Amino acid sequence: MKKINFNKAQYTNSSVSCKTYPQDLGHEVAIVGRSNVGKSSLINKLTGYKRLAKVSKTPGRTQCINFFDIENENIVDYPLRLVDLPGYGYAAVHASVQEKWDSMMAEYLTKRKSLKGLLLIIDIRHLLKKLDLELLTFAKQINVPIHLILNKSDKLSKNKIHQSESKLRKELKAQIGDLQQNNISVQVFSASNGSGVLELEDLLCSWLLP
Ligand code: GDP
């Protein structure tokens, strides 16, 4: 199986509108989740390149769509990208900010032809929130596969991890329907100790490499 060297990632662009996105060529995977679930930590763990997430935390860029190119060793001139979508669910966000976020996300998710899948990160201890479910429903409507990452598993015992994962799978089935039919997969992860990183790399390779 072909592999991607995720260490060869570099910041490309921050956009709030499709007018400034990088050219819509190649394949990309977008990462989304509530603020504080560990989105930046996952990107750091995957790429081993701490400055990437720092870039997306730069004030003014946290509410942007941040694009990172990954060197494609398999096919020249075929861009591979990770896309850091702005975190949602800030406690005291103003309705107008929420509206801007909604339209920016809808624009990206519906227009971007290179988008091959979404990583939705949640905290394994908290399970699904309303906005997570809205995103899952939207992804289903536009037919984009979603890989759900249950992050911060290092905070739980093996037993509790297993319990949380089964509870979540049941909830997903009840709210969305059969996972396979709806193109939803689930994995346990820890950005702190790296558990699950190989499984994630395999999934990303299967989405990104044509
Ligand atoms: P973001 O807002 O989603 O980008 O979240 P960050 O990556 O900034 O992480 C938020 C907080 O959670 C930070 O204090 C991280 O150190 C912590 N964190 C992120 N991932 C993990 C994890 O897997 N395990 C633990 N224990 N803490 C984590």
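A residue counts as exposed when its relative accessible area is over 50%, as buried when that area is under 20%, and as partly exposed in between. Lysine 130, with a relative accessible area of 63%, is therefore exposed. The model described here is predicted, and the structure holds 11 salt bridges. Three of these pairs are set out below, followed by a network of charged residues and the packing of helix H3.

**The pair between strands**

- A salt bridge joins the side chains of glutamate 28 and arginine 81, at 2.2 Å from N to O.
- Because glutamate 28 belongs to strand E2 (residues 27-33) and arginine 81 to strand E4 (residues 80-84), this pair ties together parts that are 53 residues apart in sequence.
- Both partners, glutamate 28 and arginine 81, are buried.

**The charged network**

- Glu28 and Arg81 also belong to a network of salt bridges, in which they are linked with Asp24, Asp69 and Arg112.

**The pair within helix H4**

- Lysine 130 and glutamate 134 form a salt bridge through their side chains, with an N to O distance of 3.2 Å.
- Helix H4 (residues 130-142) contains both lysine 130 and glutamate 134, which are four residues apart, or about one turn of the helix.
- In an α-helix there are 3.6 residues a turn, so residues three or four places apart point the same way.
- Whereas lysine 130 is exposed, glutamate 134 has a relative accessibility of 40% and is classed as partly exposed.

**The pair within helix H3**

- The side chains of lysine 111 and glutamate 107 meet at 3.9 Å, N to O, in a salt bridge; this distance qualifies because the cut-off is within 4 Å.
- Lysine 111 and glutamate 107 are both in helix H3 (residues 95-111), with a spacing of four residues, about one turn of the helix.
- Glutamate 107 is classed as buried because its relative accessibility of 19% falls under 20%.
- Lysine 111, by contrast, is partly exposed, at a relative accessible area of 49%.

**Length and packing of helix H3**

- The 17 residues of H3 should span 24 Å at 1.5 Å a residue, and this agrees with the 24 Å that separates the end C-alpha atoms of the helix.
- Glu107 is one of the buried residues of H3, which also include Trp101, Met104, Met105, Tyr108 and Leu109.
- These buried residues of H3 pack against strands E1 (9-15), E2, E3 (65-70), E4 and E5 (115-123), and also against helix H4.
- Strands E2 and E4, which carry glutamate 28 and arginine 81, are thus among the elements against which the buried residues of H3 pack.

Note on methods:
Residues numbered from 1 in each chain as written. Predicted model: local features only at pLDDT ≥ 70, side-chain atom pairs only at ≥ 80, totals over all residues. Heavy atoms only, no water. Helix = DSSP H or I, 4+ residues; strand = E, 2+ residues; numbered from the N terminus. Buried < 20%, exposed > 50% of the residue type's maximum accessible area, 1.4 Å probe, protein only. Expected span 1.5 Å × (residues − 1). Contact = heavy atoms within 4.5 Å.
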